[in-house]
Amino acid sequence: MNCWTSNTTTSYMSVTCHYITDFKLRSNLLDCFVVAESHTSQNLAQELSQVAKEWGIQDKIAACVTDNASNIVKAVNDILKWNHVRCFAHLLNLTVRSSVHQTEIQALILKVKSIAEYVRRSTVASAKLREMQLQMGQVQLRMKQDVATRWNSTYFMMQRAIEIKEPLVSTMALLNPLLPALTPEEWDITKEVCDILKPFEEVTVEMSSERFVTGSKAILMARGLQRIVAHRQRNPSTHEPVKGMVNFLAADLEKRFGQIERVRVLAEATLLDPRFKKHAFVIERNAEETVSRVVGAATHAATPTLPSTEEEEEEGGTTVNPPSEPVPQFWADFEERVTTLRPGVQNPSTGAMLEIKGFLAEPLIPRKADPLEWWRVRALVYQNICTVMKTRLCIVATSVPSERVFSKTGQIITDRRNRLSPSKVRELVFLNANL
């Protein structure tokens, strides 16, 4: 779920759901509605509970993915008692934005930003830049502008400046605007900063999909970024601002993702992904604890409910299974110990353990393969853990799907259509998202 304020200063909340049916990951918008009250934890919890009740899914919620705001975290964790997953993309955004806000790096970004603003605002500068690109035999590319709320827009701006460095430098030299130019050292730092941020942008794109399984990748992506940053620490830059940025990234990644293997639903999703299983875990104990929890959930799924008296009786009034002969007390201990060893009789816990053992023994499938297709083929072999899988691999790693709803909402509520009633907006957005 996510919240957004329109250009008419109306606050909306969007709630999406993600589930597995016929071994395909599906996504739908449940609601996009006005939040008239203040965004307190109690009010947010009440709104979410109302949506769940309206759709009859109160007992089917495996996890709720939101951003890091304290009010929504409290609403989900403390009031609703749902499994809460912090948006992976939001955590990355906080980490990177903090790292580039260091004094030296920020000063460099402001220089690039001032050049980008000048070139985009000035028709003369834009024309001269295109002319210089043609003379140098380069593709005509425009400067990009960053957005304060999205760190990757800053990355794209700096990356574009690197791509058109030569024609850009020539353009600025010819027009000679009253802007501070980047020194050769600052160009080198800009290049290094872009190289550092590139994996973060790639991970953000990878984790923001709603059409593919993403929750099971969270541990691997976090550990992968930590390894990349650690490698740069072992091979430090010659520029102090870059070294400071790398050290900050390492510390902040550990702070925000150091315990990600302890996030239960994400760990269980990772274990049940046939591409990763236990191999995604860095700490063996976390992997073993996850196996135990999955076995417990599979045991619960396999435990039959006791039939009612009506279900046991046929239409004629006779029971389907006649009562068995009582076991003498002196045989009771022996019967209890050997029941699960007889053919056709199996304790649910034993069955779950055998299933997970067989599943873990299977070879890993390729990283780009579809894990749900693998499960479709083997659903009858691992029936009980397959049931658990459907409530884990459906979990998305980010709240980006809810944010995308607001991109469409912003196209509906324009300056020329700002008198649309909230109820009409709600209907239009719902139909647009689900049809």
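**Cysteines, cores and loops in a predicted model**

User: Let's start with Cys17: does that residue count as buried or exposed?

Analyst: This is a predicted model, and Cys17 has a relative accessibility of 18% in it. The cut-off for buried is under 20%. Cys17 is under that cut-off, so the residue counts as buried.

User: OK, and how far is the sulfur of Cys17 from the closest cysteine sulfur?

Analyst: The closest cysteine sulfur belongs to Cys394. A disulfide needs two sulfur atoms within 2.5 Å, and this pair is too far apart for a bond. The separation is 9.8 Å for Cys3 and Cys32, while for Cys17 and Cys394 the value is 9.6 Å.

User: What about Cys3, then: what is its relative accessible area?

Analyst: The sulfur of Cys3 is also too far from its closest cysteine sulfur, in Cys32, for a bond. As for cover, Cys3 is partly exposed. Its relative accessible area is 29%.

User: How many disulfides does a search of the whole structure find?

Analyst: Cys3 is too far from Cys32 for a bond, and Cys17 is too far from Cys394. Those are two separate checks, but the search covers the whole structure. The number of disulfides found is zero.

User: Zooming out, what share of the residues in the protein is buried?

Analyst: The protein has 19 helices and five strands. It exposes about 24,200 Å², with carbon and sulfur atoms supplying 52% of that area. Of its 435 residues, the buried share is 43%.

User: Which helix gives the most to the largest nonpolar core?

Analyst: In soluble globular proteins, nonpolar side chains tend to be buried together. Here the largest nonpolar core has 88 residues, and those with the most contacts inside it are Phe88, Leu168, Phe200, Trp375 and Met389. Nine residues of this core come from residues 184–207, that is, from helix 8.

User: How many residues are in the other core, the one with Val15 and Leu80?

Analyst: That core lies apart from the one of 88 residues. Val73 and Ala75 are also among its members. Its residue count is 19.

User: Phe200 is one of the residues with the most contacts inside the largest core; which tryptophan does Phe200 touch?

Analyst: Leave out residues up to four places away in sequence, and Phe200 touches Leu92, Val96, Leu225, Val229, Leu249 and Leu253, plus a tryptophan. Leu249 and Leu253 are also among the buried residues of helix 10. The tryptophan is Trp151.

User: Which helices do the buried residues of helix 10 pack against?

Analyst: The buried residues of helix 10 include Val242, Met245, Val246, Leu249 and Leu253. Some of these are three or four places apart, and in general an α-helix has 3.6 residues a turn, so residues with that spacing point the same way. The buried residues of helix 10 pack against helix 3, helix 4, helix 8 and helix 9.

User: How far apart are the end C-alpha atoms of helix 10?

Analyst: Helix 10 has 18 residues, 240–257, and at 1.5 Å a residue it should span 26 Å. The computed separation agrees with that span. It comes to 25 Å.

User: Over how many bridges do strand 2 and strand 3 pair?

Analyst: Strand 2 (residues 11–21) and strand 3 (residues 24–34) form a hairpin with two residues between them. Thr16 has Leu29 as its bridge partner in strand 3. The pairing is antiparallel, and the number of bridges is ten.

User: What is the phi of Asp22, roughly?

Analyst: Most residues other than glycine have a negative phi. Asp22, in the loop between strand 2 and strand 3, has a positive one. Asp22 is also exposed, with a relative accessible area of 64%. Its phi is near 55 degrees.

User: And what is the phi of Lys81?

Analyst: Lys81 is found in the loop between helix 2 and strand 5. It is exposed, with a relative accessible area of 63%. Its phi is positive too, near 65 degrees.

User: Last one: which arginine is in contact with Ser208?

Analyst: Ser208 is in the loop between helix 8 and helix 9. At 9% relative accessibility it is under the 20% cut-off, so Ser208 counts as buried. Neighbours within four places aside, its contacts are Ala89, Thr398, Val400 and the arginine, Arg404.

Methods. Residues are numbered from 1 along each chain as its sequence is written. This is a predicted model: local features need pLDDT of at least 70, side-chain atom pairs count only at pLDDT 80 or more; totals for chains, interfaces and linings use all residues. Side-chain values use heavy atoms; hydrogens and water are left out. Helices (H or I, at least four residues) and strands (E, at least two) are DSSP runs, numbered from the N terminus. Buried means under 20% relative accessible area, exposed over 50%, partly exposed in between (1.4 Å probe, protein chains only). Accessible areas come from the Shrake-Rupley method with a 1.4 Å probe; for residues, only the protein chains shown count as cover. A nonpolar core is a set of buried Ala, Val, Leu, Ile, Met, Phe, Trp, Tyr and Cys residues joined through side-chain atoms within 4.5 Å. Contact means heavy atoms within 4.5 Å. The expected span of a helix is 1.5 Å times one less than its number of residues. Two strands pair if DSSP finds at least two bridges between them.
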